[in-house]
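Work through the exercises below with the model open. Try each task before reading its solution.

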Amino acid sequence: LHQLKYAGKFRGEVHCPPTGNSSSVKKSNFVLVKTRIKDAGERSSALLFNVLGQSGPSRLNSLKMIVDAMIMESMALIISRQVLGTIADQLCQLPLEEGRPLSEYLVERLQLRLISFEEQIAIARTFLGGVLEKEQSWRAAAQMLAAIPMETGQKQFSADYKLEK
């Protein structure tokens with residue numbers, strides 16, 4: 001923050017430090033970045049809900065494109081976690097012919113950045129494990145559920161959750 005200097009005892013004039021102060025520049029850059037992230041997050045969410053409102057085979061391809069865009073290193077992690085979390089949460093709402101390939105795609109693509117997207121991978125693996133159970137593919141379901149990262153530093157799962165899965 002700016003330090004105020006009084007130029008004279010009796011006049012009470014206040015002078016600010018020169019505009020080249022690095023703290024004011026850093027603060028304005030932070031506000032600008034925060035605004036851009038908020039705008040990007042709102043646009044990404046609006047796009048996602050637009051795609052989820054569609055129907056037909058193009059929806060699956062559009063969702064996969066959104067997943068690819070969200071896992072790029074240049075995408076802000078706070079935005080990508082939010083959007084990918086919404087996609088993972090919507091898997092149950094999609095028809096099985098879209099939900100299964102999308103969950104498989106999520107697991108495959110997010111595995112590359114496991115530490116960043118543990119919760120989203122857990123949701124997708126849980127959904128896919130349930131699909132495999134319904135198909136009576138017991139071994140594949142068990143392998144899918146066993147691969148959920150339960151003991152990591154980022155996300156702590158309760159003992160009840162671990163036993164349930």
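**Exercise 1: Two serines**

Ser80 sits in helix H3. The model is a predicted one.

Task: Decide whether Ser80 is buried or exposed, and find which residues Ser80 is in contact with, leaving aside neighbours within four places in sequence.

Solution.
- Step 1. Take the relative accessible area of Ser80, which is 0%.
- Step 2. Compare with the cut-off: buried means under 20%. Ser80 is therefore buried.
- Step 3. Set aside the neighbours within four places in sequence; Ser80 is then in contact with Met70, Met75, Gly85 and Phe117.

Task: Do the same for Ser45: is Ser45 buried or exposed, and which residues does Ser45 touch beyond four places in sequence?

Solution.
- Step 1. Locate Ser45 in helix H1, residues 22-52.
- Step 2. Its relative accessible area is 15%, so Ser45 is buried.
- Step 3. Residues up to four places away do not count; Ser45 touches Gln82 and Val83.

**Exercise 2: A bridge between two loops**

Task: How many salt bridges does the structure hold, and which parts does the pair Glu73 and Arg113 tie together?

Solution.
- Step 1. The count is five salt bridges.
- Step 2. In one of them, the side chains of Glu73 and Arg113 meet, at 3.6 Å from N to O.
- Step 3. Place both ends. Glu73 lies in the loop between helix H2 (57-70) and helix H3 (77-90). Arg113 lies in the loop between helix H4 (96-110) and helix H5 (118-134).
- Step 4. The pair therefore ties together parts that are 40 residues apart in sequence.
- Step 5. Check the accessibility of each end. Glu73 is exposed, with a relative accessible area of 66%. Arg113 is buried, at 16%.

**Exercise 3: A network around Arg100**

Task: Which residues are joined with Arg100 into one network of salt bridges?

Solution.
- Step 1. Start with Glu104. Its salt bridge with Arg100 has the closest N and O atoms 3.0 Å apart. The two residues are four residues apart in helix H4, so about one helical turn separates them.
- Step 2. Look at exposure. Arg100 is partly exposed, with a relative accessible area of 23%. Glu104 also counts as partly exposed, at 34%.
- Step 3. Add Glu135. Glu135 forms a salt bridge with Arg100, and here the closest N and O atoms are 2.4 Å apart. Glu135 lies in the loop between H5 and helix H6 (138-146), while Arg100 is in helix H4, so this pair ties together parts that are 35 residues apart in sequence. Glu135 is partly exposed, at 40%.
- Step 4. Put the bridges together. They share partners and join Arg100, Glu104 and Glu135 into one network.

**Exercise 4: Packing of H5 and H6**

Task: How are H5 and H6 oriented to each other, roughly parallel or roughly antiparallel?

Solution.
- Step 1. Two packed helices are described by the angle between their axes and the distance between the axes.
- Step 2. For H5 and H6 the angle is about 170°, and the axes are 8 Å apart.
- Step 3. Angles over 145 degrees count as roughly antiparallel. H5 and H6 are therefore roughly antiparallel to each other.
- Step 4. Find the contact. H5 contributes Arg125, Thr126, Leu128, Gly129, Leu132 and Glu133. H6 contributes Trp138, Ala140, Ala141, Met144 and Leu145.
- Step 5. Sort these residues of the contact: seven are nonpolar, two polar and two charged.

Methods: Residues are numbered from 1 along each chain as its sequence is written. This is a predicted model: local features need pLDDT of at least 70, side-chain atom pairs count only at pLDDT 80 or more; totals for chains, interfaces and linings use all residues. Side-chain values use heavy atoms; hydrogens and water are left out. A salt bridge is a side-chain nitrogen of Lys or Arg within 4 Å of a carboxyl oxygen of Asp or Glu. Buried means under 20% relative accessible area, exposed over 50%, partly exposed in between (1.4 Å probe, protein chains only). Axes are lines fitted to C-alpha atoms, for helices over the stretch in contact, and angles run from 0 to 180 degrees between N-to-C directions. Angles under 35 degrees count as roughly parallel, over 145 as roughly antiparallel, 65 to 115 as roughly perpendicular and the rest as oblique. Contact means heavy atoms within 4.5 Å. Ala, Val, Leu, Ile, Met, Phe, Trp, Tyr, Cys and Pro count as nonpolar, Asp, Glu, Lys and Arg as charged, and the others, Gly among them, as polar.
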